[in-house]
Amino acid sequence: MAQEHSHDHPHDHDHDHPVLKYSDDSEHDYDETARYPLMAEAMRQLLIEKGVVDADRVRDLVEFMDSRSEAIGAQIIAKAWTDADYKKRLLEDGTKAVEEFDIPMLGAELIVVENTPDVHNMIVCTLCSCYPRTILGLPPDWYKSKSYRSRAVIEPRAVLKEFGTDVAADTAVRVHDSNADMRYLVMPMQPEGTEDWSADQLADLITRDCMIGVTRPSVPETVAAE
Amino acid sequence: MNDGPVSEKLYSAGDQVRIAQTNPPGHRRIPGYIRGKNGVVERYCGAFPNPEELAYGFDGLPKRHLYRVRFRQADVWQDYDGSDQDTVDLEVQEHWLSKAD
Amino acid sequence: MRRHHDMGGNPAGPIELDEVPTEPWAKTLTAVFGAVREKGLSTVDELRRHLEDLPPEVYDRGYFQRWAEAACDHLEEKGLLTRAEVEARMETIKAELEAKK
């Protein structure tokens with residue numbers, strides 16, 4: 001029982017929340033007594049007790065994080081594909097254009113780079129793992145990996161092949177090392193045959209990996225056959 | 001107090017620039033692979049607090065001009081295996097740049 | 001000499017495409033640090049400096065793992081908590097969790 005223990009320290013656990021606020025979450029299959037789950041929770045508790053941060057604010061920030069996903073980026077790109085004026089605004093000033101969707105950039109600025117038959121863009125952050133989190137959610141593991149961070153700049157075409165993406169020799173590969181105050185989003189090319197699709201239909205084709213620039217959107221065969 | 005940059009920006013899109021080949025200790029946002037390389041200013045990004053100061057708890061002011069610089073991959077890596085048109089872009093604070101002709 | 005975090009261009013193995021959903025503790029950690037930043041008590045640049053100062057073997061433990069260690073060093077440097085307090089509280093929480101089992 002979580003509440004039967006006694007302890008000397010002067011705080012009282014919030015009875016609405018178990019010792020670890022995620023300890024009743026049946027979804028997880030990791031050991032919450034391992035070093036890092038304990039460390040995160042210890043820092044959370046101490047900073048709340050010391051009045052440095054507010055428990056509700058921490059909860060709100062987790063919720064905000066959970067509300068961010070590739071669906072947001074897909075919505076933006078689909079809008080740009082179906083609205084030439086929006087596309088122009090998005091390419092000219094990404095930060096301002098995503099504000100129209102109430103997306104904050106939290107101090108960074110957004111640059112949207114457009115794929116064309118002549119140019120294929122891909123994003124990396126070699127020094128850490130900078131990523132447009134308010135638009136795509138948290139970055140995937142491979143984006144943070146030593147392999148991707150090391151190799152994306154020196155052999156982008158080989159890396160793209162590992163994602164199943166072949167870029168023609170006469171198409172320039174443009175790598176963007178996201179190393180300072182800008183964040184990047186790739187606007188993929190709209191697949192052929194989708195010209196009369198609605199923005200919502202198009203959004204389903206636009207994946208996170210397309211917007212990082214390691215894959216291209218494709219029309220599922222079942223749809224294409226219709 | 002003026003939060004803006006100390007001086008007018010020195011470069012514009014299209015300018016040929018060189019990244020300083022230097023290795024000072026401390027927190028720097030210029031990756032090793034790009035130091036000492038020549039590129040072309042792709043755009044001016046604006047002025048931002050200096051990360052080299054922010055990293056030590058200072059306010060990073062005055063702000064530094066920031067540019068996106070485009071490098072030909074063939075100029076960055078020996079034996080680059082790709083197209084001559086392939087490029088890599090990075091953001092560089094003005095104090096890391098000098099004119100290259 | 002290039003430091004451990006500055007890895008662009010280094011030889012490395014194939015990209016591992018398997019993904020594991022972010023564990024709740026990692027989100028908690030990120031949110032706690034976000035809340036500290038919002039209070040103006042920290043910057044991401046300072047956290048990066050601590051990340052870069054970790055020994056390579058600690059840095060390589062994983063993304064959120066290194067974040068936790070760097071945040072702890074950073075918060076201690078700021079005088080907001082001490083590593084000894086964190087380690088002690090970890091023991092307390094662990095005992096509580098084990099008592100529940």
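The exercises below, each with a worked solution, deal with a predicted model.

**Exercise 1. The sheet**

Task: State which strands form the open sheet, in what order they lie, and which strands are at the edges.

Solution:
- Step 1. Begin with the general idea: strands in a sheet are paired by backbone hydrogen bonds, in a parallel or an antiparallel way.
- Step 2. Write down the order. Seven strands make up the open sheet, and they run β2(A)-β3(A)-β4(B)-β3(B)-β2(B)-β1(B)-β5(B), with mixed pairing.
- Step 3. Find the edges. β2 (119-124) of chain A and β5 (97-99) of chain B each pair on one side only, and these are the edge strands.
- Step 4. Add the twist, which averages 35° from one strand to the next.

**Exercise 2. One strand pair and a residue in it**

Task: Describe how β3 and β4 of chain B are joined, then decide whether B:D89 is buried or exposed.

Solution:
- Step 1. Strand β3 (residues 64-72) and strand β4 (residues 87-93) of chain B are antiparallel, and seven bridges join them.
- Step 2. Place the residue: B:D89 belongs to strand β4 of chain B. Opposite B:D89 stands B:R70.
- Step 3. Apply the cut-off. Buried means under 20% relative accessible area. B:D89 has 1% relative accessibility, so B:D89 counts as buried.
- Step 4. List the contacts, setting aside neighbours within four places in sequence. B:D89 touches A:V175, A:H176 and A:D177 in chain A, and B:E42, B:R68, B:V69 and B:R70 in chain B.

**Exercise 3. A helix pair between chains**

Task: Classify the angle between α1 of chain A and α5 of chain C, and describe the contact.

Solution:
- Step 1. Recall what is needed: a pair of packed helices is described by the angle and the distance between the axes.
- Step 2. Take the values. The axes of α1 (residues 35-49) of chain A and α5 (residues 83-100) of chain C come within 8 Å and cross at roughly 115°.
- Step 3. Classify the angle. Angles of 65 to 115 degrees count as roughly perpendicular, and therefore α1(A) is roughly perpendicular to α5(C).
- Step 4. Give the handedness: the crossing of α1(A) past α5(C) is right-handed.
- Step 5. Name the residues. On α1(A) the contact includes A:L38, A:M39, A:A42 and A:L46, and on α5(C) it includes C:V86, C:M90, C:I93 and C:L97.
- Step 6. Sort by class. The contact of α1(A) with α5(C) has nine nonpolar, one polar and eight charged residues.

**Exercise 4. A helix pair within chain C**

Task: Describe the crossing of α2 and α4 of chain C in the manner of the previous exercise.

Solution:
- Step 1. The axes of α2 (residues 44-53) and α4 (residues 63-77) of chain C come within 8 Å, with a crossing angle of roughly 115°.
- Step 2. That angle makes α2(C) roughly perpendicular to α4(C).
- Step 3. α2(C) passes α4(C) in a right-handed crossing.
- Step 4. From α2(C) the contact is made by C:E46, C:L47, C:R49, C:H50 and C:L51. From α4(C), the residues include C:R66, C:W67, C:A70 and C:H74.
- Step 5. By class, the contact of α2(C) with α4(C) has five nonpolar, two polar and five charged residues.

**Exercise 5. Backbone angles in loops**

Task: Explain what is notable about the backbone at B:P62, A:D102 and B:D79.

Solution:
- Step 1. Start from the general rule: a negative phi is found in most residues other than glycine, and most peptide bonds are trans.
- Step 2. The peptide bond from B:L61 to B:P62 is cis, with omega near 0°. B:P62 is in the loop between α1 and β3 of chain B.
- Step 3. A:D102 has a positive phi, near 60°. A:D102 is in the loop between α5 (94-99) and β1 (109-114) of chain A.
- Step 4. B:D79 also has a positive phi near 60°, and its loop runs between α2 (73-76) and β4 of chain B.
- Step 5. Check accessibility, where exposed means over 50%. A:D102 counts as exposed because its value is 69%. B:D79 counts as exposed because its value is 77%.

**Exercise 6. A lysine in a loop**

Task: Locate B:K63 and state how accessible it is.

Solution:
- Step 1. B:K63 is in the loop between α1 (51-54) and β3 of chain B.
- Step 2. With 27% relative accessibility, B:K63 counts as partly exposed.
- Step 3. Not counting residues up to four places away in sequence, B:K63 touches residues including B:D3, B:P5, B:F48 and B:P49.

Terms used:
Residues are numbered from 1 along each chain as its sequence is written. Chains are lettered from A and ligands numbered from 1 in the order in which they are written. This is a predicted model: local features need pLDDT of at least 70, side-chain atom pairs count only at pLDDT 80 or more; totals for chains, interfaces and linings use all residues. Side-chain values use heavy atoms; hydrogens and water are left out. Two strands pair if DSSP finds at least two bridges between them. Helices (H or I, at least four residues) and strands (E, at least two) are DSSP runs, numbered from the N terminus. Axes are lines fitted to C-alpha atoms, for helices over the stretch in contact, and angles run from 0 to 180 degrees between N-to-C directions. Angles under 35 degrees count as roughly parallel, over 145 as roughly antiparallel, 65 to 115 as roughly perpendicular and the rest as oblique. A crossing is left-handed if the near helix is turned anticlockwise from the far one by less than a right angle, and right-handed if clockwise. Contact means heavy atoms within 4.5 Å. Ala, Val, Leu, Ile, Met, Phe, Trp, Tyr, Cys and Pro count as nonpolar, Asp, Glu, Lys and Arg as charged, and the others, Gly among them, as polar. Buried means under 20% relative accessible area, exposed over 50%, partly exposed in between (1.4 Å probe, protein chains only).
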